[in-house]
Amino acid sequence: MKGIVFAEFIEHASSAFGEDEIEDLIDECDLPSGGAYTAVGTYDFQEMVTLVTALSKQTGVSVDDLIHGFGVYLGGSFRDRFRDFFDQQASLFDFLDSVENHIHVEVRKLYADAELPSLKMVSRGENEAVLRYRSKRCLAQLASGLIQSAANHFDDQVEVVMDHAKDECGTFTDIKVRRQT
Amino acid sequence: MDETENDLEKRVARLERRAIREKRARLEAESLLEAKSRELFEVNRNLSRLNETLEERIRDRTEALEVERRKALHLAENDYLTGLPN
């Protein structure tokens, strides 16, 4: 998993739960990387699992909630770092549509080894869109948080609902985004 | 501030660990940058060479075409058997 996710997670967790607490958490997790993450590096996804699980135990916040909250933070960070992707789109649904077709394409140009989820827009209406999340990593909650953050950027109030399902290609999560007008 | 010596020691220990992590991340980033720079240099050099080769090939082809063009013109203007102008 790309270092930016780890680096941002440490930042977010430190800000949400305390620098000292997170420093201790990293120490306790005894990670192969030692918790030294550079945004441009690549690290074992298992380290993320270890960190989130330990943080959940330490804070009492569920893994789902932790990941969702991180998603909202990460979305804000992406907006700061990669403003162009947001400015290029006129609306939230345009932006969400561009994630798979434009943003992920650009990411792979820089990092051919990036393991990104598939996030296809399978339906789109005036006020409701559905994004189908497919990944070998169960991070649909992260996608949900990122979507929430994007909605904030476009000044949209949204309700995000997740539906886990399966088809011949495997498991997926349909993320329904309902704009509240 | 009413921090006990123990608290201060702990704080120092945390800051030391953090400094070590930051340094390690920086060194890794520098190493990645160097590797990418080297790769970029190699790719650019290969492209330059390829460009030169292509330019040379274009020159050769253009010259060969010019020779053929003159031949064709001569054939059009002069009779093949007698060598007399058409």
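Trainee: Where does A:Asp30 lie in chain A?

Mentor: Helices and strands here are DSSP runs numbered from the N terminus, with H or I over at least four residues for a helix and E over at least two for a strand. A:Asp30 sits in the loop between helix 2 (19-29) and helix 3 (45-59) of chain A. Keep in mind that this is a predicted model, where local features need pLDDT of at least 70, side-chain atom pairs count only at pLDDT 80 or more, and totals for chains, interfaces and linings use all residues. Residues are numbered from 1 along each chain as its sequence is written, while chains are lettered from A and ligands numbered from 1 in the order in which they are written.

Trainee: Is A:Asp30 buried or exposed?

Mentor: Count the other C-beta atoms, placed from the backbone, within 10 Å of a residue's own: 20 or more means buried, 12 or fewer exposed, and in between partly exposed. A:Asp30 has 9 of them, so it is exposed. Its phi is positive, about 50°, although A:Asp30 is not a glycine.

Trainee: And what about A:Asp155, buried or exposed?

Mentor: A:Asp155 is exposed, with 7 C-beta neighbours inside 10 Å. You'll find A:Asp155 in the loop between helix 7 (140-153) and strand 3 (158-167) of chain A, and its phi is positive too, near 60°.

Trainee: How does strand 3 of chain A pair with strand 4 of chain A?

Mentor: Strands pair if DSSP finds at least two bridges between them. Strand 3 and strand 4 (residues 170-179) of chain A are antiparallel, over 10 bridges. They form a hairpin with 2 residues between them, and A:Lys166 stands opposite A:Thr171 of strand 4. Strand 3 is hardly covered, with 1 buried residue among its 10.

Trainee: At what angle do helix 2 of chain A and helix 1 of chain B pack?

Mentor: Fit lines to the C-alpha atoms over the stretch in contact, then take the angle, from 0 to 180 degrees, between the N-to-C directions. Helix 2 of chain A and helix 1 (residues 5-77) of chain B pack at about 65°, their axes 10 Å apart. That makes them roughly perpendicular, a label for 65 to 115 degrees (under 35 is roughly parallel, over 145 roughly antiparallel, the rest oblique).

Trainee: Which residues make that contact?

Mentor: Contact needs C-beta atoms, placed from the backbone, within 7 Å. Here A:Asp20, A:Glu23 and A:Asp27 meet B:Arg14, B:Arg17 and B:Arg18.

Note on methods. Contact = placed C-beta atoms within 7 Å.
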